[in-house]
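Here is a short tour for a newcomer. Keep the sequence and the model side by side while reading.

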Amino acid sequence: MLDKILGDRKYFKLLFIFYVFINTLALGYFGIDFNPLSIIVLIYGGLIFIYSIIKNEFFYTKNHLLLIGLYGILLFIATYLNKDYSTKNSLLIAIMQLLIFTFIFAQPKSMTLKKLKQELHTIIPFTCFLVGSASLISLFMYFLNISGSQNGWYIGLVGDRLFGVYFNCNPASFLAIIVILMSMIAIRNHYEGSFLYIINIGIQLSYIILTQCRAAIIILAVILTSVAYYRFFRAKELSTVKRVCLNVGMCLCMLLGTKVVQEAAFIIPQIQGAREESNNRFQLEKIKEIVSLTMTGELQNIPKIISLADEVSSGRITLAKDSLKIWQQSPIQGIGAGNFRNMLVDVTQSDDWGQQILHSHNVFMESLITAGIFGFVLFILFFIKTLFTARDILLKYRNKKSYFIVLLFIMIFVSEFIGGLFDFGVFYVYSLSATLAWLFLGYIYWLNDQSDMSLVDDNEIAIFNRYELLSIVYHKEQLESLKPEFEILDSHYQDDDYIMKVQYYLGQSSFTYDIYYTLYDQKDNIDKKLAREFYALIEDEIKNIYNQSQIK
């Protein structure tokens, strides 16, 4: 029982997801400053840490784990050393970030494909239910024109933007996108109640549109481009120009479609007395003016361009300038976690910054400000490593059935990262989207380190994972005239794998393989059935051995 609770991190991940989901809600509106679940998370995480050391479950030699682990340690040290601003909440945030790196992102040595699938089969429905319920309640608040402001925090309909039950609509939009991707994984793998996942996709899309989050529209365009490329263009060679045009076209179509839906959906709140903001969120006229001024090439237009860009980006350029001032207070060690807003108010001597301005709204700048120069370098190295890992795993699975699942895994992290360039990013426990991004990035790294594995559940009896060629004894013969036969030498369970040792005969030749499966249903004669099916996978390989052989 203890091994299951502490050794299987699935339960800790579920608890952590629920904890961060609670943080994502508008707790500040009700004056709640502390989430009591954090105590349980810390105790559970501490027990798992001790158990993992005893059982030697940690990877010490993986460079990506070292990079991000050291970053987390530097972040904690910076938080601890910032005596002027750090509070208990700051230290709590830094510790929780370390837990994310250690137990959400990093996979234990005992991780197997079966455990990964079991985690997905539990985490995806659980998360979709939580976020689906919150987003559905938010939609009801929109159409019933429910809104409120208290303690500097908002709920419901804010102007013409929907916050709903979340503390901020932008990270909530990124979370909605990730839940859409998770729902697509569930549908692809035939999870029970597929129609509910389809409904959930509709709920999340509606919420995203009504938040008018510009970064979310860009992310959706990238996702739609990726899915369209996979479904229709992957087999074709497309130039870089065509791919860029495809992405821009998708983005423009989504902007137009979003505007139409927003105008139609806002009719009900308007009838109930809601007022629409005069300035459009996308501010296309100002964007046209920026482009026009830039095309002139005149240096005197630069201040005007910067001013317009600051307006279009809702003050993010001003925020970036003030963020650099904060970094200058502690450029080497950083300011630590959870201290940004208090330092921002003191450095700028202004209380105009909203309660939701908790960090610099750019993931790279945030790593520099909070963890200093050395932390920034570590994160950049980790980011570069992640780019190569994403490229490698896509190439590895490009001709496999699991390619689409792997693509969705990558898009989950990419969605959060794109959001992190403009808003809440991949750090901290303010938003569940960041935790989910680290979770799936951890799966990507783990899968990339393994041999090819099937993530697609098409067979209800068994899932083929991988194979190993043990021995070859053969004579050069006319392969087309030979009828294959086989003999099952052995079959047994090893950890989570069901392993069959099969010897295939072709005339005087023989090929012996170990074949690995995840077995769901033990039926009579299943070994023979699986052995016959496997031969179809290796037939071309055997032909290549014959064709390339120099033996006469």
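Which residue follows H3, and what is the sign of its phi? Asparagine 56 follows H3, and its phi is positive, near 55°. The model is a predicted one.

**Helix H3**

Start with the helix itself. H3 covers residues 37–54. Its 18 residues should span 26 Å at 1.5 Å a residue, and the C-alpha atoms at its ends are 26 Å apart, so the two values agree.

Which residues of H3 are buried? They are Leu37, Ser38, Val41, Tyr44, Gly45, Ile48, Tyr51 and Ser52. These residues cover an arc of only 150° around the axis, so they sit on the same side of H3. An α-helix has 3.6 residues a turn, so residues three or four places apart point the same way. Ile43 and Ile54, on the other side of H3, are exposed.

What does the buried side meet? The buried residues of H3 pack against helix H1 (2–7), helix H2 (10–24) and helix H5 (88–105).

**Arginine 9 and asparagine 23**

Arginine 9 lies in the loop between H1 and H2. Is arginine 9 buried or exposed? Its relative accessible area is 3%, so arginine 9 is buried. Its contacts beyond four places in sequence include Ile48 and Ser52, both of which are buried residues of H3. Arginine 9 also contacts Glu57, Phe58, Thr102, Phe103 and Glu119, among others. One of these partners is far along the chain: phenylalanine 103 is 94 residues from arginine 9, yet their C-alpha atoms are separated by 7.3 Å.

Asparagine 23 lies in helix H2. It has 17% relative accessibility and therefore counts as buried. Leaving aside residues up to four places away in sequence, asparagine 23 touches Asn35, Phe167, Val429 and Tyr430.

**The nonpolar cores**

How many residues does the largest nonpolar core have? It has 128, and Phe16 and Trp438 are those with the most contacts inside it. Helix H7 (residues 169–188) gives the most to this core, with 14 residues. Another core lies apart from it, with 20 residues, including Met500, Leu506, Tyr517 and Leu530.

Now look at Phe16 itself. Not counting residues up to four places away in sequence, phenylalanine 16 touches Val41, Met96, Leu99, Ile100, Ile104, Val429 and Thr435. Val41 is one of the buried residues of H3. Val429 is also touched by asparagine 23.

**Helix H8 and positive phi values**

H8 can be checked by its span too. Its 18 residues should span 26 Å at 1.5 Å a residue, and its end C-alpha atoms are 26 Å apart, so the expected span is met. Several residues of H8 are buried, among them Tyr197, Asn200, Ile201, Gln204, Tyr207 and Leu210. Just after H8 comes glutamine 212, with a positive phi of about 55°.

Why note such values? Most residues other than glycine have a negative phi. Four residues with a positive phi are set out here.

| Residue | Phi | Place |
|---|---|---|
| Asparagine 56 | near 55° | after H3 |
| Asparagine 145 | about 55° | loop between helix H6 (113–143) and strand E1 (147–150) |
| Histidine 190 | near 60° | loop between H7 and helix H8 (194–211) |
| Glutamine 212 | about 55° | just after H8 |

The accessibility of two of them is given next. Asparagine 145 counts as partly exposed, because its relative accessibility is 23%. Histidine 190 is exposed, because its relative accessible area is 53%.

**H14 and H15**

Two packed helices are described by the angle between their axes and the distance between the axes. For H14 and helix H15 (residues 340–348), the angle is about 95° and the axes are 10 Å apart. H14 and H15 are therefore roughly perpendicular to each other.

Which residues meet here? From H14 come Leu319, Asp322, Ser323, Lys325 and Ile326. From H15 come Phe340, Met343, Leu344, Val347 and Thr348.

Alanine 320 also has its place in helix H14 (residues 316–327). At 23% relative accessibility, alanine 320 counts as partly exposed. Methionine 365 is 45 residues from alanine 320 in sequence and 8.2 Å from it in space, C-alpha to C-alpha.

Definitions and conventions
Residues are numbered from 1 along each chain as its sequence is written. This is a predicted model: local features need pLDDT of at least 70, side-chain atom pairs count only at pLDDT 80 or more; totals for chains, interfaces and linings use all residues. Side-chain values use heavy atoms; hydrogens and water are left out. A nonpolar core is a set of buried Ala, Val, Leu, Ile, Met, Phe, Trp, Tyr and Cys residues joined through side-chain atoms within 4.5 Å. Buried means under 20% relative accessible area, exposed over 50%, partly exposed in between (1.4 Å probe, protein chains only). Helices (H or I, at least four residues) and strands (E, at least two) are DSSP runs, numbered from the N terminus. Contact means heavy atoms within 4.5 Å. The expected span of a helix is 1.5 Å times one less than its number of residues. The arc is that of the directions from the helix axis to the C-beta atoms. Axes are lines fitted to C-alpha atoms, for helices over the stretch in contact, and angles run from 0 to 180 degrees between N-to-C directions. Angles under 35 degrees count as roughly parallel, over 145 as roughly antiparallel, 65 to 115 as roughly perpendicular and the rest as oblique.
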